[in-house]
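Work through the exercises below with the sequence and the coordinates open. Each task is followed by a solution in steps.

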Amino acid sequence: MRIAVIGAGYVGLVSGACFSDFGFEVVIVDKDKSRIARLEAGKIPIYEPGLEDLVARNRDAGRLSFTASLPAAMKRADAVFIAVGTPTRRGDGFADLTYVYAAADEIARCLAGPCVVVCKSTVPIGTNREVLRRIKAIRPDAAVDVASNPEFLREGSAIEDFKRPDRVVVGAESEQARAVMQSLYRPLSLNETPILFTGLETAELIKYAANAFLATKITFINEVADLCERVGANVQEVARGIGLDRRIGPKFLHAGPGYGGSCFPKDTLALVSTARSAGAPIRIVEAVVDVNEARKRAMAERVLAALDGDLSGKTVAVLGLTFKPNTDDMREAPSLVIVPALQAAGARIRAHDPEGMAEAAKLLDDVEWCDGPYHAAEGSDAIVVITEWDAYRALDVVRLKRLMKGDAFFDLRNIYKTAEMADRGFRHFGIGIGQPGIAEKVAEPLKSVAV
Ligand code: NAI
C-alpha cells in the first residue's frame with residue numbers, strides 16, 4: 001500500500017510517520033516549501049516527543065519521504081489523507097474549509113488511478129460528501145471514493161495515541177473505501193483496537209461530539225472548583241470522589257485555567273454553529289464555550305485581587321505558556337489571555353516555557369524571556385504556573401522564594417500543597433482549594449434554610 005498525506009503538521013506528520021512505521025510506503029506533502037526543506041534535512045518543525053526518531057528510522061528504511069509536489073506524492077497512491085488545518089472561520093464560528101477544499105481540488109487534478117481520499121482533518125458534517133462532489137466535478141471519470149477518518153491523537157502523546165488508540169472511526173460508504181481503510185488499520189488489530197465503520201455524517205459528528213464532551217467535562221470540574229473555593233471544599237478530592245465512579249471516570253477532571261489548544265476551542269465553536277444552523281442547538285456546549293472564555297480572564301483577575309487590585313510596578317513570573325505540557329503548540333493557550341490581561345493591569349512579565357517560547361514570542365509582546373523558572377522568579381512579586389510541565393513539578397521552592405521580591409504563588413494546575421508552601425513562606429493560591437473558615441459564611445444561610 002502506498003499512502004500520500006497532505007499536510008506536514010501535528011496530525012499529518014504523526015499519522016504519516018506511524019503508517020510508515022507499520023510498513024506502508026508514505027509520502028508526506030506540504031505546500032510550505034521551507035517546512036519540507038527542514039524535514040528533508042532531518043529537522044522536525046514541531047515538538048512532539050519521539051517524533052524525530054520515528055521519522056529518522058522510517059526515512060532511513062526508505063518508507064517515508066517528503067515533498068512539496070502533490071503529483072509526485074500521489075503517484076500510485078492507494079489512499080491520500082487530507083490532514084490540513086480547519087481553523088475557525090472569522091465571524092460565524094464555523095470551521096474554515098478553505099484548505100480542505102483547496103486540497104480536494106488539487107487531488108482531483110493529480111488523480112492517476114483508483115484512490116481513496118481520506119479526510120483526517122476535523123471537518124463539519126457534510127464535508128466529505130462535498131469533497132467527493134468537488135473531485136467528481138473536476139474529474140467525472142475518476143475512480144475515486146472518500147472516507148472520513150477523524151483523528152483522536154493528543155499532542156504530547158501523539159505517537160502512542162496513534163498506534164494504540166481507544167478506537168478508530170471510519171466513515172465509508174463504498175466497498176473500495178472500506179477495504180482500503182481496513183487494510184491500512186489492520187496493524188492495529190494486534191491490540192484488538194475497535195474499528196467503527198459508520199456513514200460519513202456519523203463519523204464527522206463523532207469527532208465533534210467527542211471533543212465537545214471532553215470540553216464539557218473540563219468546564220464542569222472548573223465550575224465545581226469555583227464552588228469549592230466558596231464553600232471550603234477541595235476539588236481534587238471531589239474529582240477523585242466522583243471519578244472513581246466508573247460511569248464518570250477519572251480523566252479530564254483536573255480543574256485548571258480553562259481548556260485551550262488547537263482543537264477544543266475551535267471544535268466546540270464549530271459544533272455550536274452547526275447545531276444552530278441545523279435547528280438543533282446544543283445549549284450545553286454553548287454554555288461551555290462562554291464559561292471557558294470567561295475563565296481565562298478570571299485567572300488574571302485572581303492575581304490582581306490577591307495583589308491588592310494593582311499590578312503597576314509589579315513583576316509577575318509566568319511559568320508555562322503552551323496550552324498543555326509536551327508540546328510547543330500555543331494555539332488558543334490560556335496564557336494568551338492571561339498574560340495580556342496581567343500586562344493591561346500594569347504588570348511586568350518575565351516568562352519561561354520549556355518548548356513554547358519561540359512560538360509564544362510571536363504572539364506576546366513586551367515579555368522578558370527567561371532561561372528557566374529560577375531566572376523568571378528573580379525579583380518577582382508573584383509566580384503564576386499556567387502549564388504543568390514536568391520541569392515545574394519539583395521546583396526548589398525555597399530557592400524560588402529567596403529569588404522573589406513577593407510571596408504569591410498562583411498554582412493554576414494544583415501542583416503544590418497550600419500548607420507546605422505556607423511553611424516555606426508562600427501565599428499559595430491553588431484552584432478549587434477552599435480555605436477553612438470560608439464555609440462558615442456561605443453555609444450559614446443554607447443551614448438556616450434547612451432548619
Ligand atoms: P497544522 O496547522 O499543524 O498543519 C497543517 C499543515 O497543512 C500545514 O503545515 C500547512 O502548510 C499544510 N497545508 C495546508 N493546505 C495544504 C495544501 N493544500 N497542500 C499541502 N499542504 C497544505 O494542523 P494540525 O494541528 O495537524 O491539524 C490538522 C487537522 O487535524 C485539523 O483539522 C485539526 O482539527 C485536526 N486534529 C488536530 C489534532 C491536534 O492535536 N493538532 C488532533 C486531532 C485532529
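The exercises treat the ligand site first and the domain interface second.

The model is predicted, so local features need pLDDT of at least 70 and side-chain atom pairs count only at pLDDT 80 or more, while totals for chains, interfaces and linings use all residues. Residues are numbered from 1 along each chain as its sequence is written, and side-chain values use heavy atoms, with hydrogens and water left out.

**Exercise 1.** Describe the shell around the ligand.

Step 1. Collect each residue that has a heavy atom within 4 Å of the ligand. This gives 23 residues, and the closest are Val 11, Asp 30, Thr 86, Glu 155 and Lys 266.

Step 2. Sort the shell by class, with Ala, Val, Leu, Ile, Met, Phe, Trp, Tyr, Cys and Pro as nonpolar, Asp, Glu, Lys and Arg as charged, and the others, Gly among them, as polar. The shell holds nine charged, seven polar and seven nonpolar residues.

Step 3. Look for polar contacts, meaning pairs of N or O atoms within 3.5 Å. The side chain of Lys 266 places a polar atom 2.6 Å from a ligand oxygen. Ligand nitrogen atoms lie 2.8 Å from a side-chain N or O atom of Glu 155 and 3.4 Å from a polar side-chain atom of Glu 106.

Step 4. Compute the cover, using Shrake-Rupley accessible areas with a 1.4 Å probe. On its own the ligand has 830 Å² of accessible area, and the protein covers 90% of this.

**Exercise 2.** Characterise the interface between the two domains.

Step 1. Take the bounds from an automatic or database domain assignment: domain 1 is 2-198 and domain 2 is 213-429. Their C-alpha centres are 33 Å apart.

Step 2. Count residues in contact, with heavy atoms within 4.5 Å. Domain 1 contributes 19 residues and domain 2 contributes 17.

Step 3. Obtain the buried area, that is, the accessible area (1.4 Å probe) lost on putting the two parts together, summed over both. The result is about 1,300 Å², with 52% from carbon and sulfur atoms. Tyr 47, Phe 94 and Glu 155 supply 43% of the area that domain 1 buries against domain 2.

Step 4. Search for salt bridges (a side-chain nitrogen of Lys or Arg within 4 Å of a carboxyl oxygen of Asp or Glu). One is found across the interface. Glu 155 and Arg 331 form a salt bridge at 3.8 Å, N to O.

Technical notes. Polar contact = N/O pair within 3.5 Å; in protein donor to acceptor, adjacent residues only side chain to side chain.
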